[in-house]
Amino acid sequence: MNRRSLLQGLSFSMLAAKLSSASPFYGQAEPQPKTSRSISANDRIQIGFIGPGSRGQELIRQLLRTPGVEIAAQCDIYEPRFAEVDELVGKKVPAHKDYRELLQRKDLDAIFIATPPVFHAKYAIAAMKSGRPVYCEKTIGFTPEDCNNVVDATRRTGQIFQVGHQMRYASWIVESVNRVRKGDIGEPTHVYGYWHRSDNWRREVPNPSLEHLMNWRLYRESSGGLLEELGSHHIDIANWVFGERPQTILGTSSIAVYHDGRTVGDNVQAVFGYSKGRRMFFSSLTDNGLMADQVWIYGTEGSLQITLEDATLYKQTSKRITEASHSDVVQKGVETGASYNANSEMPYRGPGYRLHPKPGEDATRTACGSFVDCVRNKQQPFANVDVGFGSGIACSIGRQALYEGHMEKIPELRA
Ligand SMILES: NC(=O)c1ccc[n+]([C@@H]2O[C@H](COP(=O)([O-])OP(=O)(O)OC[C@H]3O[C@@H](n4cnc5c(N)ncnc54)[C@H](O)[C@@H]3O)[C@@H](O)[C@H]2O)c1
């Protein structure tokens, strides 16, 4: 297994020093964002959309439910998307096959980017330089340099930038993190993210020449695999809980089941190190969905489980194992003391305190609505560029650790 310093990624730009203290998230004010035209209260925000595939169309669906918004232009290199978007929007949306053409339009107020992640940094930087606020899907960049460049461009242009970490807009997750930060589970020391599925992660393609375009997630040149695609959301929750970015990564990945030509792993286990010995563990399996998608935050006085539909807070129930006296150990054996205590070794099966979503709540809709408000009011979003940097840099360095890491070989029994 390989251990790498995430600080290595920061050396790509002189931003590192600034970043440690440079945002609402890490604790400092943002520059005033600029927009290309002045938008009055009655104006409809004109959105240009780049990469309206599966996630992109979900974002469009939610934008269509957001008051005061118009899908004004679309861009994709795969032409059949255009008709899909027209049908979704209910009218012909001007279409472009090259993002530069879309950015040349004068009628757009904001740009959404939901292409595969290798294009995020390039398109987001170009969009901000063209004077438009950007909503960019995670992760903000594919390489550490990409991630730094996106932060750099946001600072230089003073633009509004929101990353697609919609979990930051889910009321029950916000309440969970607020409770943890208030001390409801004592000191949070560990965040464990499980994203397990029974799903081979492969899309059927209409024609083999489209394999890499449609199954970009399965190939290392276009995807950070499960760590980036799924783990980035959990890493973001850990960053939010701990109030900092991770400093180290130790990881492993392999192909255990799907020997189908993919070059990313079909399972991943990674441990991120934070200050004061705190840890984030991420596990992803694709052949067993029992655990599904859940994040556990473990603290010194309790635990909090977050799922996609609720959260549950458990106060510490098991008795702490205390040091046993020598005579106790002799009389009662392993039932007492540091090695074993029957009362505290069984999983807790009792009730916890439930946190529920608001009726009808959809985190992606809230994230889109909040971005539109930020564009109108010229404010930086909660899931701002520093939030995006935190998960992006962890995944891009993490990817290298997973694939280039070395493992110690365990020798055979000596003959
Ligand atoms: N926030 C979330 O919960 C969430 C969920 C799913 C996906 N995502 C992210 O959304 C992004 C897209 O994922 P997806 O599942 O929708 O992928 P997808 O393959 O379904 O869609 C990507 C679209 O981008 C287009 N595209 C590819 N290269 C392009 C280019 N150079 N210029 C313009 N268009 C291009 C493709 O033709 C396709 O229509 C990824 O970054 C992914 O990580 C986020």
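1. The N-terminal end of helix H12 is capped by Asp362, a side-chain oxygen of which lies 2.9 Å from the backbone nitrogen of Thr364. This contact, like everything below, belongs to a predicted model. Helix H12 covers residues 363–377, and its end C-alpha atoms are 21 Å apart, which agrees with the 21 Å that its 15 residues should span at 1.5 Å a residue. After H12 comes Lys378, for which phi is positive, near 55°.

2. As to confidence, the chain has a mean pLDDT of 88, with 85% of its residues reaching 70 or more. Residues 1–31 call for caution, since the pLDDT over this stretch is below 50, although the model gives the stretch 87 contacts beyond near neighbours in sequence.

3. The buried residues of H12 are Ala363, Thr364, Ala367, Cys368, Gly369, Ser370, Phe371, Val372, Cys374 and Val375. The elements against which these buried residues pack are strand S2 (45–50), helix H3 (54–64), strand S3 (69–75), strand S5 (110–113), strand S6 (134–136) and strand S7 (161–163). Cys368 has a relative accessible area of 0% and is therefore buried, and for Cys136 the relative accessible area is likewise 0%, so that Cys136 is buried as well. The disulfide count for the model comes to zero.

4. Helix H13 (residues 385–404) has 20 residues and reaches 28 Å from its first C-alpha to its last, close to the 28 Å expected at 1.5 Å a residue. Of these 20 residues 18 are buried, so H13 is largely enclosed by the rest of the structure. At the N-terminal end of H13 the cap is Asn384, with a side-chain oxygen 3.1 Å from the backbone nitrogen of Asp386.

5. Two buried residues of helix H7 deserve a joint reading. Thr154 is in H7 (residues 144–157), and with a relative accessibility of 2% this residue counts as buried. A polar atom of the Thr154 side chain lies 2.7 Å from the backbone oxygen of Val150, while the contacts of Thr154, leaving aside neighbours within four places in sequence, are with Met128, Gln159, Phe161 and Val385. Asn148 is also found in helix H7 and is buried, its relative accessible area being 0%. The C-alpha atoms of Asn148 and Phe389 are 7.4 Å apart in space, whereas in sequence the two residues are 241 residues apart.

6. The model contains 22 salt bridges. One of them joins the side chains of Asp152 and Arg156, at 3.1 Å from N to O. Asp152 and Arg156 are four residues apart in helix H7, and are therefore separated by about one helical turn. An α-helix has 3.6 residues a turn, so residues three or four places apart point the same way. Arg156 counts as exposed, because its relative accessibility is 64%.

7. A salt bridge also forms between the side chains of Glu228 and Arg399, with an N to O distance of 3.9 Å. This pair links distant parts of the chain, given that Glu228 is in helix H10 (residues 225–242) and Arg399 in helix H13, 171 residues apart. Both Glu228 and Arg399 are buried. A reader who wishes to test the assignment should note that the salt-bridge cut-off is 4 Å.

8. Arg278 forms a salt bridge with Glu244, and the closest N and O atoms are 3.0 Å apart. Arg278 lies in the loop between strand S10 (267–273) and strand S11 (279–285), and Glu244 in the loop between H10 and strand S9 (248–254), so the pair ties together parts that are 34 residues apart in sequence. Both Arg278 and Glu244 are buried. In addition, Arg202, Glu211, Asp260 and Arg262 are joined into one network by salt bridges that share partners.

9. Some backbone geometry merits inspection. Most residues other than glycine have a negative phi, and most peptide bonds are trans. The peptide bond from Lys138 to Thr139 is cis, with omega near -5°, and Thr139 is found in the loop between S6 and H7. Lys276, which is not a glycine, has a positive phi of about 55°; Lys276 is in the loop between S10 and S11 and counts as exposed, at 70% relative accessibility. Ala292 also has a positive phi, near 55°, and is placed in the loop between S11 and strand S12 (293–299), where its relative accessibility of 33% makes it partly exposed.

Note on methods. Residues numbered from 1 in each chain as written. Predicted model: local features only at pLDDT ≥ 70, side-chain atom pairs only at ≥ 80, totals over all residues. Heavy atoms only, no water. Disulfide = S-S within 2.5 Å. Buried < 20%, exposed > 50% of the residue type's maximum accessible area, 1.4 Å probe, protein only. Helix = DSSP H or I, 4+ residues; strand = E, 2+ residues; numbered from the N terminus. Polar contact = N/O pair within 3.5 Å; in protein donor to acceptor, adjacent residues only side chain to side chain. Contact = heavy atoms within 4.5 Å. pLDDT = per-residue confidence, 0-100. Expected span 1.5 Å × (residues − 1).
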